[in-house]
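Trainee: Could we go through this structure together? I would like to hear the reasoning behind each label.
Mentor: Happy to. Let us bring it up and take the labels one by one.

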Amino acid sequence: MDFAILIPIALFVCVYLSIKAVVDARTRRQMVAANGSEDMLRSILDGEESRRRQASLRWGTILVALALGFAGIEALGWTEVSPGVVALLLGATGIGNLVAFALARRVR
């Protein structure tokens, strides 16, 4: 596989995340400078923190489910990509999303 195609994609992702971080920081700074109410600022920051935790929970759950899917592939002795392998990985991803959704509802 030619990994040269991944370089522009990784560069694009890095540029996007850098711009997003700068814009988010500037927006927060402008809110503080505008002398917004302390309650409003606290609720916005708490909401961002909650979203970060939810995202971590979701990705962690999905990655664990995918790891179990890959372990299942290894246990079954499948060595080539087949519809069964793809179905197992897609199923693991779907189950991971559903478990993350259930956990997020429980945590709230």
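Trainee: Which residues of H2 are buried?
Mentor: In this predicted model, the buried residues of H2 are Leu41, Glu48, Gln54, Thr61, Ile62, Ala65, Gly69 and Ile73. What covers them includes H1 and helix H3, residues 83-107.

Trainee: Why does glutamine 54 count as buried?
Mentor: Buried means under 20% relative accessible area. Glutamine 54 has 19% relative accessibility, so the buried label applies.

Trainee: What is glutamine 54 in contact with, leaving aside its neighbours within four places in sequence?
Mentor: With that exclusion, its contacts are Ala104 and Val107. Both of these also appear on the H3 side of the contact between H2 and H3, and Gln54 appears on the H2 side.

Trainee: What makes H2 roughly antiparallel to H3?
Mentor: The two helices pack at an angle of about 150°, with their axes 8 Å apart. Angles over 145 degrees count as roughly antiparallel, so H2 is roughly antiparallel to H3. Their crossing is right-handed.

Trainee: Which residues of H2 and H3 meet?
Mentor: From H2 they include Leu57, Arg58, Thr61, Ile62, Ala65 and Phe70. From H3 they include Val85, Leu88, Leu89, Ala92, Thr93 and Asn97. The residues of this contact divide into 15 nonpolar, seven polar and one charged.

Trainee: Why is H1 called roughly antiparallel to H2?
Mentor: The axes of H1 (residues 6-33) and H2 (residues 38-76) come within 11 Å and cross at roughly 160°. Set that against the cut-off of 145 degrees, and H1 is therefore roughly antiparallel to H2. Here the crossing is left-handed.

Trainee: Which residues make the contact of H1 with H2?
Mentor: H1 brings Arg28, Met31 and Val32, while H2 brings Leu41, Ile44, Leu45, Glu48 and Arg52. By class, the residues of this contact are five nonpolar, no polar and three charged.

Trainee: How do you know that the span of H2 agrees with its number of residues?
Mentor: The expected span is 1.5 Å times one less than the number of residues. With 39 residues, H2 should span 57 Å, and its end C-alpha atoms are 57 Å apart, so the two values agree.

Trainee: And what phi does glycine 77 take, just after H2?
Mentor: Glycine 77 has a positive phi of about 75° there.

How values were computed:
Residues are numbered from 1 along each chain as its sequence is written. This is a predicted model: local features need pLDDT of at least 70, side-chain atom pairs count only at pLDDT 80 or more; totals for chains, interfaces and linings use all residues. Side-chain values use heavy atoms; hydrogens and water are left out. Axes are lines fitted to C-alpha atoms, for helices over the stretch in contact, and angles run from 0 to 180 degrees between N-to-C directions. Helices (H or I, at least four residues) and strands (E, at least two) are DSSP runs, numbered from the N terminus. Angles under 35 degrees count as roughly parallel, over 145 as roughly antiparallel, 65 to 115 as roughly perpendicular and the rest as oblique. A crossing is left-handed if the near helix is turned anticlockwise from the far one by less than a right angle, and right-handed if clockwise. Contact means heavy atoms within 4.5 Å. Ala, Val, Leu, Ile, Met, Phe, Trp, Tyr, Cys and Pro count as nonpolar, Asp, Glu, Lys and Arg as charged, and the others, Gly among them, as polar. Buried means under 20% relative accessible area, exposed over 50%, partly exposed in between (1.4 Å probe, protein chains only).
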